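Visitor: Could you walk me through how to read a fold like this one? Please start with the core and then go to a sheet.

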Amino acid sequence: MKNKYLIVGYAILTLLLASCSNIKYLKEGEDLYVKGEVTVNNDSLPDRFKEPLTESLEGILRPRPNKKFLGLRPKLYFYNIAGEPKKNKGFKHWLKNKVGEEPVLLQDVNVSYNENLVRNRLENIGFFNAYVETDTTIKSRKATLNYTATTNRVYRINKVTFEADTTTEIGRELKNAQEGSLLRPRGTYNLDRIIAERERIDNVLKDKGYYYFSPDHILVQVDSMVGDHKVDMNVKLKNATPAIAKKPYTINNIFIYPEYSLLQGDYELGTPQDAEEYRGYYFIDPNQTFRKFALARTMFFNKGDLYNRDKQNLTIGQLVGMGTFRFVKNNFVPVDSGKTNKLDAHYYLTPQQKKAVRLELLGKTAAVYNGSEVNVSWSHRNAFKGAELFRLTAYGGYEVQSGGGININSNFYRYGLEASLTWPRVIAPFRWEPTRRFVPHTRTLLGYEFLNRRQAYRLNSLHYAWGYTWQESAKKTHELNVLDIAYVQPVNVTPFYENLADSLPYLQRAIDRQFTFGPNYKFTYTNTMETDRKHTSFFSGGLDLSANTVGLILGSNKRAGNVDSIFSAAFSQFIKTEIEYRHYMKLGLNRQLAARAFFGYGYSYGNSDQLPYVKQFFAGGPNSLRAFRARAIGPGSFNPDRIGNDFFVPDMTGDIRLEFNLEYRAKIVSILDWAAFVDVGNIWLQNADTLRPGGQFTRDFAKELAVGGGLGIRLDLTFLILRTDFAIPLRIPYLPENERWVFNKINFRDPDWRRNNIVFNLAIGYPF
């Protein structure tokens, strides 16, 4: 152990020496530029606005200093020690030019240029009379530039007028566009808002048929001589606006090319002679690759319609949302060389590869099991010439027990087959179209899986579902399975497992026949894609039902001894709901606070007294309570049985789950981030269970919450986030009530304590 500390200390010392040694490579008269700071001097500006403004201004300073890692500059050090390579290849050349980074010197900084950048940015947000002064601080040949920006008062809008000739059609449209303007009296002057206003007006006119109009045709005049730090604004058409931009256009003929190839070169713009008409649309599809109705229903334009940008975008969105086209392009061509106010619309669709085979090899690791899985899938993106996606997947996996000291689950393997068919539309016995802004999907699937826990039991599982997925908006998604059927049949239960289940009766649930059928629904809302927001959120709510109507009709009542079965299996009757809310708050450019709350509740009645095993909740693991292993905590204050040399906890599940998570995330350098987190939660049973005393949910549930905390490192590769978390329990609910907080027992020096309490989690992606 001492040797380990010596090695770590030596590595840290080496890095520190390396950081210091960068200075010795500087030439006479050179200073290393290490930082650019901006101070906003404005007593009237609230502090809550100063910090983001300061960060924004510092972000535009150029050049940026050499990259740092834990306060050091290793890339600069590698550049320096590489020296001057004699060849344009070899280790030194690679170290200097690929790994290293050239020093950024004070002499490289154009101070006047940066002052102008800061001044212009301030003027763009209303600080017209700002001025910037710069001081240079040099210490040990390390230079810092301090920019002080004095902003005075911000300019605000006094009044806004729209100047338009209302005797013309476009003049009247421009005047009407004043309603809903982004430029409002008493608002601060902001160049970005002016640009956004021009784009808004362009969108309004585009929806009125003005195809050739552009934001550049709008002029916003600003008069800053009003006084009292106010401006007047006048919005008008530029005098140089061409005549073609001042008239609205209507749609003439609509041509659709379902099998267009980019290898054909330029897009065909003329009127095709071999087009086939269908419901007013003209198809150029000599090979009959797509059924015409499937594409015609995506069109929002009809002949004679006024051009409308919203309809154009909706049509493109529908075609892309079908999921079968690699590229979608459209052109609008004036009829008779622009002599009429008509446009021919051409839609060029480049299909994706119709048939594909995909092979996936997965590696798995967990606290007890390690193994691999192979997935082979064959897909057809146009199965019935209506952009249907048919996918057939076969999979198989094998996992080896590497801990636990008991053969309860031992090594096991599983394999299965799943077939699914997805239509890019709603298929229902009645007319139902939830939205046309986004493509709804109908999906059905049928799957079979065989699980062989060789020394315990075998399970046959069947799954069938029919449902719909649709987007209400870019932020809201709905998933509805009208019917979801799952059937699990145990076979070949070993005497070993039967004897174990006799001593631990709750293990019997894993080998009970399970039959669930009914609808389920899930709603999701998120605005996390709006990266410019300080606060973003995610919400998900779901409802899962099973045998509710059938159970009521049959009068099922397990408590009264009246249990009904289908296919020799007692069907499960329950109502289950899950609610999850996440909140993300930006604390700076590279810092974030993330919080999550989760509530799950299952109410079993009639033919059941608890949720079926496959539907129950569990806590612990890399995406839950990270200080406790998956399924090793709860329910309630029940102390789980521990089996084998490694105190393996077989399985803990419940009908109710409550969880709260808080995580601070920050960037260390480049692709390396770190996090500190606290997790709180537990699971409970709906009804009292003599086999698991303390497991029922009561009004004293808060006393049974488990608490854990820890630190983590994240490797953010953009396309993949590799996460490691180290966590320890802070509150253990199954201990005596006055001993559940365990701060006084934390002892990192004790190897036994570390082995029993530090939990390492390796996972892909963020926990929430």
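Guide: Gladly. The largest nonpolar core has 22 residues, and I254, L295, F332 and Y347 have the most contacts inside it. Such a core is a set of buried Ala, Val, Leu, Ile, Met, Phe, Trp, Tyr and Cys residues joined through side-chain atoms within 4.5 Å; buried means under 20% relative accessible area with a 1.4 Å probe, protein chains only. This is a predicted model, where local features need pLDDT of at least 70, side-chain atom pairs count only at pLDDT 80 or more, and totals for chains, interfaces and linings use all residues. Residues are numbered from 1 along each chain as its sequence is written, and side-chain values use heavy atoms, leaving out hydrogens and water.

Visitor: Which element gives the largest share of this core?

Guide: That is β11, with four residues. Elements giving two or more residues include β7 (250-257), β10 (325-334) and β11 (342-351). Strands here are DSSP runs of E, at least two residues, and helices are runs of H or I, at least four, numbered from the N terminus.

Visitor: What does Y347 touch?

Guide: Among its contacts (heavy atoms within 4.5 Å) are I254, M299, L319 and F332, not counting residues up to four places away in sequence.

Visitor: Now the sheet: how do strands pair?

Guide: Through backbone hydrogen bonds, either parallel or antiparallel. DSSP must find at least two bridges between two strands. Here three strands form an open, mixed sheet in the order β1-β3-β2. β1 (32-41) and β2 (131-139) each have a single partner strand, so one side of each lacks a neighbour in the sheet. Nine bridges join β1 to β3 (residues 142-150), and these two run parallel. E37 has N146 in β3 as its bridge partner.

Key. Buried means under 20% relative accessible area, exposed over 50%, partly exposed in between (1.4 Å probe, protein chains only).
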